[in-house]
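Thanks for coming. I will go through one structure today, starting with ring contacts and then moving to helix packing and a few single residues.

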Amino acid sequence: MKILYAVQGTGNGHLSRALDIIPILQQRGEVDILVSGCQADVSLPYPVHHQFSGLSFIFGKKGGVDFVKTFGKLNSRAFYQQMRQLPIESYDLVLNDFEPVSAWACYFRKKPCVALSHQSAVLAPQAPQPKKEDVFGKFILKNYAPATHHYGFHFGRFGENIFTPVIRSQVRELTPDNLGHITVYLPAYDDWKLIDQLKNFKNTDWQVFSKHNKTPFRHKNIQVNPIQNEAFVKSMATSTGVLCGAGFETPAEALYLGKKLLAIPMKSQYEQQCNAAALKKMGVPVIPSLKTKHLPVIQEWLENGSVIPVNYPNETEQIIDQILQEHAADKYQPVV
């Protein structure tokens, strides 16, 4: 069986999940890996057969997506050429984690595309939704990487074919500790914007991981480090709590490690607004921004925030086998 596994390369979550999914796929067939997009800090220890620019969203520095830079990098002609040159017909199964080049190649050539992503779960009718509807955001999420079949990961089992998060082995194998600091990952904010607000909490040891600075530095009780996977995971595992955006993998890993969590969803990012709604439903505190008026919520969380218990079993292998049985039965041979 020849499998194309296509992964979105914007952010770190998709590639982090791929670290556990790829070796399982490789036990069951010949796997080609496709990655498109930019702004990821996680690298794959596997050969990437197709590397495309794709359609990337660029993080800003004021709490949201930088739409000017995002549209400035959009090259529709290059995207069309990438889609045309991809030999999509040569694969028995296309497995897609929110990756647009392969998804649209399948769409135009009428080939099945199986989505295995967090976004598939967010779009499910049973999944929590924000109170304020975002018609345009929902349209983008639905049409960015179209698929014929959907399997999704979310913070809870909100419907059929929606599974709990893939917690990568690197995190599952950790022994959590509490060294008293708060780990911060808010890539859509400028470092000095973070410092300006976090310095109000003088008795808290902050460990900030930044996409905007390549050199570590310290300002009073705030340590700023460039984002580096091993250092970030270690910081999170030994923290008291995690302050982060309302993405998927980082909050899921923080919950799995038994850390109290406070989330700030990115502005104008529908997926994160949906995630925030799901986290709220679980009891995780959520604030809309880092504005001064929300600092009392952070103070309350620092003093009295509690851990939200979760059960995230390792089911990745069973999920992959279910997909192969349902969409590549003629080629699938179970691994004994």
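**Rings, a helix pair and some single residues**

Both Phe209 and Phe232 are buried. Keep in mind that this is a predicted model. Searching the whole structure gives ten aromatic pairs. One of them is Phe209 with Phe232, an edge-to-face pair with 5.3 Å centre to centre and 85° between the planes. Phe209 belongs to strand S9, residues 205-210, and Phe232 to helix H9, residues 229-237, so this pair ties together parts that are 23 residues apart in sequence.

Two other ring features. Trp104, Tyr107 and Phe108 make up one aromatic cluster. Elsewhere, Lys260 sits over the face of Trp301, and the distance from the ring centre is 5.1 Å.

Next, helix packing. Take helix H3, residues 76-85, and helix H4, residues 100-108: how close do their axes come, and at what angle do they cross? The axes come within 9 Å, and the crossing angle is roughly 65°. The crossing of H3 and H4 is right-handed. On the H3 side the contact uses Phe79, Gln82 and Met83, and on the H4 side Pro100, Val101, Trp104, Ala105 and Phe108. By type, the residues of this contact are seven nonpolar, one polar and no charged. Trp104 and Phe108 therefore turn up twice, in the aromatic cluster and in the contact with H3.

Staying with H4, why call this helix largely enclosed by the rest of the structure? Because seven of its nine residues are buried. The buried ones are Pro100, Val101, Ser102, Ala103, Trp104, Ala105 and Cys106. As for what surrounds them, the buried residues of H4 pack against H3 and helix H6 (135-143), and also against four strands: S1 (2-8), S2 (30-36), S3 (50-52) and S4 (93-97).

Now the single residues, beginning with backbone angles. Lys220 is not a glycine, yet its phi is positive, at about 55°. Lys220 is in the loop between strand S10 (217-219) and strand S11 (222-226). Its relative accessibility is 66%, so Lys220 counts as exposed.

Ser268 also has a positive phi of about 55° without being a glycine. Its place is the loop between strand S13 (260-264) and helix H11 (270-282). Is Ser268 buried or exposed? Exposed, because its relative accessibility is 55% and the cut-off for exposed is over 50%.

Then there is Glu253, in helix H10, residues 249-256. With a relative accessible area of 2%, Glu253 is buried. Which residues does Glu253 touch, once its neighbours within four places in sequence are left aside? They are Ile167, Arg168, Val171 and Met236.

Last, Asp330, which lies in the segment after helix H13 (316-327). Asp330 has a relative accessible area of 71% and is exposed. Its C-alpha atom is separated by 30 Å from that of Asn143, and the two residues are 187 residues apart along the chain.

To recap: Phe209 and Phe232 form an edge-to-face pair, H4 is largely enclosed by the rest of the structure, and Glu253 is buried, whereas Asp330 is exposed. That is what I have.

Notes:
Residues are numbered from 1 along each chain as its sequence is written. This is a predicted model: local features need pLDDT of at least 70, side-chain atom pairs count only at pLDDT 80 or more; totals for chains, interfaces and linings use all residues. Side-chain values use heavy atoms; hydrogens and water are left out. Rings of Phe, Tyr and Trp (its six-membered ring) pair if their centres lie within 6.5 Å; planes under 30 degrees apart count as stacked, over 60 as edge-to-face and the rest as tilted. Helices (H or I, at least four residues) and strands (E, at least two) are DSSP runs, numbered from the N terminus. Buried means under 20% relative accessible area, exposed over 50%, partly exposed in between (1.4 Å probe, protein chains only). A charge sits over a ring if NZ of Lys or CZ of Arg is within 6 Å of the ring centre and within 35 degrees of the ring normal. Axes are lines fitted to C-alpha atoms, for helices over the stretch in contact, and angles run from 0 to 180 degrees between N-to-C directions. A crossing is left-handed if the near helix is turned anticlockwise from the far one by less than a right angle, and right-handed if clockwise. Contact means heavy atoms within 4.5 Å. Ala, Val, Leu, Ile, Met, Phe, Trp, Tyr, Cys and Pro count as nonpolar, Asp, Glu, Lys and Arg as charged, and the others, Gly among them, as polar.
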